[in-house]
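I opened the model today to take notes on its strands, its pocket and its rings. My entries follow in the order I looked things up.

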Amino acid sequence: HSGHHNQVRLNRISRTGYNGVDVFGPHTVVEYNHIVEPCFSKGDCGGIRVFGNGNLATTTVHDIVLRSNIIENSVGNVEGVKTEYRQPFGLGLYIDHYSRDVETIDNTVLHSTFTGLLYQNSTGAITGNTLYNNATGIHYTGQVNLAGAPTDIDSMSGNILFGLADNAWTLALDGGTLSSSDHNYFFHPFVSKHIATGGWDGRKTFDEWRSWSGQDAGSHDNWYE
């Protein structure tokens, strides 16, 4: 891959205690991996985590591609921690702490206890991913979460965000911004206000989201309940 000199490809990674794959450097491609039950003994981790440093301008973690990975059942085990934190905290794709220009492309993320895809204080693009039945724990959270004021996504297109749990949103904006979003499927057959733009009080229906954001003119809501 032009410009990318680190590659993690074609692995099956099963029941890692913490992150399945951890990325701490630039110009890296992680693709065609099958990751099952990551975060088996630890919480606050993911199938693939990208972790930067400093700030978005100076970070040494940039130009990352996460493509065509399948991540299932991220556990986020919190046994033994203080009671007030005892809620499963497993993520699928976890892009964090000033990671710049991270592309997430054609990944499939199923049944994570916390969220399917998180960008936190990070930037990039989200294209062609399928995020199904994530947020299976007790957090109110999304299939896709954009958190932290520096977070900006250039483009979110061709994705399927499919929530099933009562506490699962499709998209959650928690300080992050979405510059362009279209041709996505926002599906939740049980909750009508399934897009959150700032916590519980910012919940919106798909139509309210389109009106509020000016985005997703060519996207779709669920057509059945």
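**Entry 1: the sheet**

In what order do the strands of the open sheet of eight strands run? I read the order as β3-β6-β9-β12-β15-β18-β22-β23, and the pairing is mixed. I keep in mind that this is a predicted model.

Next I checked the edges. β3 (21-23) and β23 (203-204) stand there. Each has a single partner strand, so one side of each is left without a neighbour in the sheet.

Then I picked one pairing to look at. Strand β6 (residues 45-51) pairs with β9 in the parallel sense, and I noted six bridges. Across this pairing, Arg-49 stands opposite Tyr-94 in β9.

**Entry 2: the largest pocket**

How much space lies in the largest pocket? The value is about 250 Å³. I found 18 residues lining this pocket. Nearest its centre lie Phe-114, Thr-141, Asn-145, Ala-147 and Asp-174.

I then asked which elements give two or more residues to the lining. They are β9 (90-96), β12 (115-120), β15 (141-147) and β18 (168-174). These four strands also appear in the order of the open sheet. β18 gives the largest share of the lining, four residues.

I sorted the lining by class as well. Twelve residues are nonpolar, four are polar and two are charged.

**Entry 3: aromatic pairs**

I looked up the aromatic pairs and found twelve in the structure. I followed one of them, Tyr-185 with Trp-223. Their ring centres lie 6.4 Å apart, and the planes make an angle of 75 degrees. An angle over 60 counts as edge-to-face, and this pair is edge-to-face.

Where do the two partners sit in the chain? Tyr-185 is in strand β21 (residues 185-187), and Trp-223 is in the segment after β24 (220-221). The pair links distant parts of the chain, with the two positions 38 residues apart.

Buried or exposed? I checked both rings' residues for accessibility. Tyr-185 counts as partly exposed because its relative accessibility is 34%. Trp-223 has a relative accessible area of 64%, so I logged Trp-223 as exposed.

Both belong to one aromatic cluster. Its members are Tyr-132, Phe-162, Tyr-185, Phe-187, Trp-223 and Tyr-224.

**Entry 4: charges over rings**

Last, I looked for charges over rings. The charged end of Arg-203 sits over the ring of Trp-200, 3.7 Å from the ring centre. Lys-204 lies over the face of Trp-212, and here the distance to the ring centre is 4.6 Å. I also placed this in the sheet: β23 covers 203-204 and stands at an edge.

Methods
Residues are numbered from 1 along each chain as its sequence is written. This is a predicted model: local features need pLDDT of at least 70, side-chain atom pairs count only at pLDDT 80 or more; totals for chains, interfaces and linings use all residues. Side-chain values use heavy atoms; hydrogens and water are left out. Rings of Phe, Tyr and Trp (its six-membered ring) pair if their centres lie within 6.5 Å; planes under 30 degrees apart count as stacked, over 60 as edge-to-face and the rest as tilted. Buried means under 20% relative accessible area, exposed over 50%, partly exposed in between (1.4 Å probe, protein chains only). A charge sits over a ring if NZ of Lys or CZ of Arg is within 6 Å of the ring centre and within 35 degrees of the ring normal. On a 1 Å grid over the protein atoms alone, a cavity is a set of points where a 1.4 Å probe fits but cannot get out, and a pocket is an open set with protein on both sides within 12 Å along at least five of seven lines; lining residues have an atom within 4 Å of a point. Grid points are joined across faces, edges and corners, and a volume is the space filled by probe spheres set on the points. Ala, Val, Leu, Ile, Met, Phe, Trp, Tyr, Cys and Pro count as nonpolar, Asp, Glu, Lys and Arg as charged, and the others, Gly among them, as polar. Two strands pair if DSSP finds at least two bridges between them.
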